[in-house]
Amino acid sequence: MDPVMMGEILAALMFFGVIGFLLIGFPVAFTLAGVSLLFGGVGMALGVFDPSNFGSLPNRYIGFMTNEVLVAVPLFIFMGVMLERSQIAEQLLLTMSKLFGNLRGGLGFSVIIVGAMLAASTGVVGATVVTMGLISLPAMLRAGYDPKLATGVICASGTLGQIIPPSTVLIFMGDMLSGINSQVQMAKGNFAPVPVSVGDLFAGALLPGMLLVSLYLLWVIFKAVTDPASCPATPVPPEERADLFKEVLVALVPPLLLILAVLGSILGGIATPTEAASVGAVGAMVLAALRWRLSFSILKETVVTTATITSMVFVILLGASVFSVVFRMMGGDNLVHEFLTNLPGGPMAAVAMVMLIMFFLGFILDTFEIIFIVIPITAPVLLALDVDPVWLGVMVGVNLQTSFLTPPFGFALFYLRGVAPAGLPTSAIYRGVVPFVVLQIVAIAILFIFPEIVTWLPRLVAG
């Protein structure tokens, strides 16, 4: 058999092999690296893979560890965990519940709005879902909310941190797309390409994030109008509303100031994402201190949690690097290039196909696993077809938000199941997220038809 064809067949088998081992239950990082080494050995035996290609891995790993942009990841995680420990989320939820309590669907409105604010100030999905599940779910069930609507609202709102800046997914994607775009443009003869930064993706993701929030709110309004019994009002006694204005100010102002300090400095060009993340980490500790929640034990818990999450993400990244080297050197990138460029419909059809593949991968893989595997393989082809890198990155971010909601491995479902009352059936949680997955697909379609929603703000910020 032709060696080129043999290499491409092995690359395709390796991709499906990784998915198969993950479905069995093997750890992600070790599956990516182990299966890749296994197929690399087979490729060496068949003469279609040169083991010297592994020599590039140490430089890649050193590059990851010394990349200034990626330093923002543990800092933003630290900020999110510290804010979760300082109980700002609890105060926001309780205050917003009082503010919207007299409206049908008011508790749903409060969860969505607080979810958006926590996304813009923490970006830690697990902590957000767990916090809102512990506080809001019992209150919503006691108020007579349909369990499906209550669980769906909490899961969907908790995942907004995947797309609303400062999203750690966007940080990794911005760094990856920046390097890929530079290589693609230089290959096309453009030796002074317009750089793609994490700040561009943050700016591009703001309006799509608000679009998702609006769609969620509209769904709750729709349920309030068509099925009032599913989301009844929870009137607040007059004595509790007496100091409501003061409570709203106390609950809203601190996180809003932190959001403005972090995102405003990035979008305004005052600070890099890493610099802004350090400001956010310090600001989170200040807010915790003001609430008398900053102690050595809380600081220790925050640091350990941050190290655990960061290590998990970077170990997956290291395993994905082995996969990328073997896949590309055996000709897998040529296979992907031929497949996408030969699709009828041009670049938009290629983007639609990649979005579809990522959506279905979201049923079995985590967000980071998908971007570390799929972006290095498909982005060079799509950017060579003149797809806007910022639009592509935000589209991927919105698409992969569904991976937290789609069974069987939707992590938001697991987080909520872990804190939900024992009497609440798991089927209610699974059925509750279905409308919100549909709303996310609607958002992807809107961004596909109107890409200016993504590209307008980055161009405005860039002048």
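## Exercises on a predicted model

Aspartate 388 is partly exposed, with a relative accessible area of 26%. Keep this residue in mind, as the first exercise returns to it. The structure you are looking at is a predicted model.

**Exercise 1. Find the salt-bridge partner of aspartate 388, and say where the two residues sit in the chain.**

Step 1. Start with the side chains: aspartate 388 forms a salt bridge with arginine 459, at 3.9 Å from N to O. Step 2. Now place the two partners: arginine 459 belongs to helix α22 (residues 452–462), while aspartate 388 is in the loop between α17 (367–384) and α18 (389–401). With their positions 71 residues apart, the pair links distant parts of the chain. Step 3. Check the surface: arginine 459 has a relative accessible area of 56%, so this residue counts as exposed. Step 4. For the background, remember that side chains of opposite charge can pair when their charged atoms come close.

**Exercise 2. Work out whether aspartate 146 is buried or exposed, and do the aspartate 333 pair in the same way.**

Step 1. Aspartate 146 and lysine 148 meet through their side chains in a salt bridge of 3.4 Å, N to O. Step 2. Aspartate 146 has a relative accessible area of 18%, so this residue is buried, because buried means under 20%. Step 3. Lysine 148 comes to 27%, so lysine 148 is partly exposed. Step 4. Turn to aspartate 333, whose side chain forms a salt bridge with that of arginine 328 (4.0 Å, N to O). Step 5. Aspartate 333 is partly exposed at 24%, and arginine 328 is partly exposed at 33%. Step 6. For the whole model, the count is 5 salt bridges.

**Exercise 3. Describe the surroundings of glycine 332.**

Step 1. Find glycine 332 in helix α15 (residues 332–341). Step 2. The relative accessibility of glycine 332 is 0%, so glycine 332 counts as buried. Step 3. List the contacts: apart from neighbours within four places in sequence, glycine 332 is in contact with Ala11 and Phe327. Step 4. Look along the chain as well: isoleucine 9 is 323 residues away from glycine 332, yet their C-alpha atoms are separated by 8.2 Å.

**Exercise 4. Do the same for threonine 302: which residues does it touch?**

Step 1. Threonine 302 is part of helix α14 (residues 296–329). Step 2. With a relative accessible area of 0%, threonine 302 is buried. Step 3. Leaving out residues up to four places away in sequence, threonine 302 touches Phe78, Val81, Met82 and Arg85.

**Exercise 5. Explore nonpolar residues, both in the core and on the surface.**

Step 1. Begin inside: the largest nonpolar core has 156 residues, and Phe172, Ile371, Phe372 and Ile375 have the most contacts inside it. Helix α17 gives the most to this core, with 12 residues. Step 2. Zoom in on isoleucine 371: not counting residues up to four places away in sequence, isoleucine 371 touches Val169, Phe172, Met173, Met176, Pro376, Val396 and Leu400. Step 3. Recall that in soluble globular proteins, nonpolar side chains tend to be buried together. Step 4. Now go to the surface, where Phe245, Leu249, Val253, Leu257 and Leu260 form a nonpolar patch with about 530 Å² of accessible area together. Step 5. Pick one member, leucine 249, which lies in helix α12 (residues 244–267). The relative accessible area of leucine 249 is 41%, so leucine 249 is partly exposed.

Key
Residues numbered from 1 in each chain as written. Predicted model: local features only at pLDDT ≥ 70, side-chain atom pairs only at ≥ 80, totals over all residues. Heavy atoms only, no water. Patch = residues over 30% accessible without salt bridge, like charges linked within 9 Å, V, L, I, M, F, W, Y side chains within 5 Å. Areas by Shrake-Rupley, 256 points an atom, 1.4 Å probe, with all protein chains shown as cover. Helix = DSSP H or I, 4+ residues; strand = E, 2+ residues; numbered from the N terminus. Buried < 20%, exposed > 50% of the residue type's maximum accessible area, 1.4 Å probe, protein only. Contact = heavy atoms within 4.5 Å. Core = buried A, V, L, I, M, F, W, Y, C linked by side-chain atoms within 4.5 Å.
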